[in-house]
Amino acid sequence: MPGWGVAACLLAGLGEMLLLTALSTEYWMLSRGPQHTGHSGLWQVCVTGMQETCDTPTDVTGTVQATRICLVLAAVLGVLCTVLAVAAVTSCPCRDSGVGPGATIVSFAAGVLGLAAMVVFTAGVWDSTASSQVQRSFGWSFSLGWAGPPALLLAGVCSLLLHLRRGPYSHI
């Protein structure tokens, strides 16, 4: 297998795992107050006092809605990108039918959607106000959300380089 193809597969798989983990966990925001601590994600809010209680909010902000939609679309495209990247480097009969350019386009689309989601969430949460007695910070799920899109964009670059080596510009 060519080196660029292996790199594209690994980066696409890594980006996809990071996005799925970020989507499914509720440690995007951490908060600490005088009597309670809490953490929240895109789907749940958990508050810890004497015991931890988690709730699924029914009224979410537009920022969280936009982040959910963009990240779910990025994750779906990430799965497709991973499948196409693997098909582009294996002996799949569909290998010469445009799978390489497809993997590149899908990977770039997933990366851009993921980055857009993270920018929207960061800007929306950064502007929101909280009590002066509550300390807020970003959690590890948020960090994973920021790590996934660059991995998908790098997978797109590797897929593009693989395609250029195989295509009419193979002298590059």
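At 0% relative accessibility, Ser107 counts as buried, because the cut-off for that class is under 20% relative accessible area. This residue of the predicted model makes a convenient starting point for a first look. Ser107 belongs to helix α3, which spans residues 99-127. Its C-alpha lies 9.3 Å from that of Ala8, although 99 residues of sequence separate Ser107 and Ala8.

With one buried residue introduced, the overall layout can be described. The protein has 172 residues, and 37% of them count as buried. Its secondary structure consists of four helices and five strands. Followed along the sequence, these elements come in the order α-β-β-β-β-α-α-β-α.

Several of these elements meet again at the largest pocket. The volume of this pocket is about 510 Å³. Its lining is made up of 28 residues, and those closest to the centre of the pocket are Met29, Ser40, Gly41, Val45 and Val64. Strands β1 (29-32), β2 (37-40) and β3 (45-48), together with helices α2 and α3, each provide at least two residues of the lining. The greatest contribution is that of β2, which supplies four residues. In terms of chemical character, the lining comprises 13 nonpolar residues, 12 polar residues and three charged residues.

Ser40, one of the residues closest to the pocket centre, also serves as a reference point for the next strand to be considered. Cys54 sits in strand β4, which covers residues 52-55. The C-alpha atoms of Cys54 and Ser40 are 8.9 Å apart, with a sequence separation of 14 residues. Cys54 has a relative accessible area of 39% and therefore ranks as partly exposed, since this class lies between the 20% limit for buried residues and the 50% limit for exposed ones.

The surface offers one further feature for a newcomer to look up. Trp43, Val72 and Val76 form a nonpolar patch of about 260 Å². Of these residues, Val72 is part of helix α2, which runs through residues 62-89; helix α2 is also among the elements that supply at least two residues of the pocket lining. Why can Val72 take part in a surface patch? Its relative accessible area is 35%, which makes Val72 partly exposed, and patch members need over 30% relative accessible area, so Val72 passes that limit.

Conventions:
Residues numbered from 1 in each chain as written. Predicted model: local features only at pLDDT ≥ 70, side-chain atom pairs only at ≥ 80, totals over all residues. Heavy atoms only, no water. Patch = residues over 30% accessible without salt bridge, like charges linked within 9 Å, V, L, I, M, F, W, Y side chains within 5 Å. Areas by Shrake-Rupley, 256 points an atom, 1.4 Å probe, with all protein chains shown as cover. Salt bridge = Lys/Arg side-chain N within 4 Å of Asp/Glu carboxyl O. Buried < 20%, exposed > 50% of the residue type's maximum accessible area, 1.4 Å probe, protein only. 1 Å grid on protein atoms, 1.4 Å probe; cavity = no way out; pocket = protein on both sides within 12 Å on 5 of 7 lines; lining within 4 Å. Points joined across faces, edges and corners; volume = space filled by probe spheres on them. Nonpolar A, V, L, I, M, F, W, Y, C, P; charged D, E, K, R; others polar.
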